[in-house]
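Reader: I should like to see how the terms applied to this model are justified. Please set each value against its definition.

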Amino acid sequence: MIEHRFVTGKDAQELLHFYRSAVRTRSYSDEEGDIARLILEEMQRLGFDEAYIDRVGNVVGRVGSGKKVIHDYHMDTVRVNDPEDWAVPPFSADIIDACKFYVNLIKTL
């Protein structure tokens with residue numbers, strides 16, 4: 001049986017603030033320094049036992065000393081032109097509409 005846990009109250013607000021900050025932080029490929037520092041600060045705020053940025057720019061964190069569980073996430077985003085400039089081929093209209101939705105959603109955060 002899967003146990004469901006929900007974040008509520010102050011924790012939910014702090015998590016939402018972090019996500020909004022992360023979405024607003026420019027992180028193009030080879031320009032991930034700002035997002036790496038933001039993630040590092042969040043790990044430190046949460047009290048990770050160890051948190052650092054390694055020599056190639058990865059953010060590394062450790063909690064506890066038990067069995068290893070590794071999570072690997074990308075920090076970079078892909079640079080795209082303004083959605084109004086996209087030509088339909090090779091993108092379908094549905095993909096363009098979805099991208100416009102997310103661009104507008106990010107702008108409102």
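Author: The answers below take up the chain, its core and a surface patch.
This is a predicted model, in which local features need pLDDT of at least 70 and side-chain atom pairs count only at pLDDT 80 or more, while totals for chains, interfaces and linings use all residues. Residues are numbered from 1 along each chain as its sequence is written, and side-chain values use heavy atoms, with hydrogens and water left out.

Reader: What makes up the pattern of the protein chain?
Author: The pattern along the sequence is α-α-β-β-α, with three helices and two strands. Helices are DSSP runs (H or I) of at least four residues and strands (E) of at least two, numbered from the N terminus.

Reader: Why is Val7 called partly exposed?
Author: Buried means under 20% relative accessible area and exposed over 50%, with partly exposed in between (1.4 Å probe, protein chains only). Val7 has 47% relative accessibility, so it counts as partly exposed. Val7 lies in the segment before α1 (9-24).

Reader: What makes the largest nonpolar core a core?
Author: A nonpolar core is a set of buried Ala, Val, Leu, Ile, Met, Phe, Trp, Tyr and Cys residues joined through side-chain atoms within 4.5 Å. The largest has eight residues, namely Phe18, Ile35, Ala36, Leu38, Leu40, Met43, Val59 and Met75. Helix α2 (residues 33-45) contributes the most, with five residues.

Reader: Which residues does Leu40 contact, leaving aside neighbours within four places in sequence?
Author: Contact means heavy atoms within 4.5 Å; on that basis Leu40 touches Ala51, Tyr52, Ile53 and Val59.
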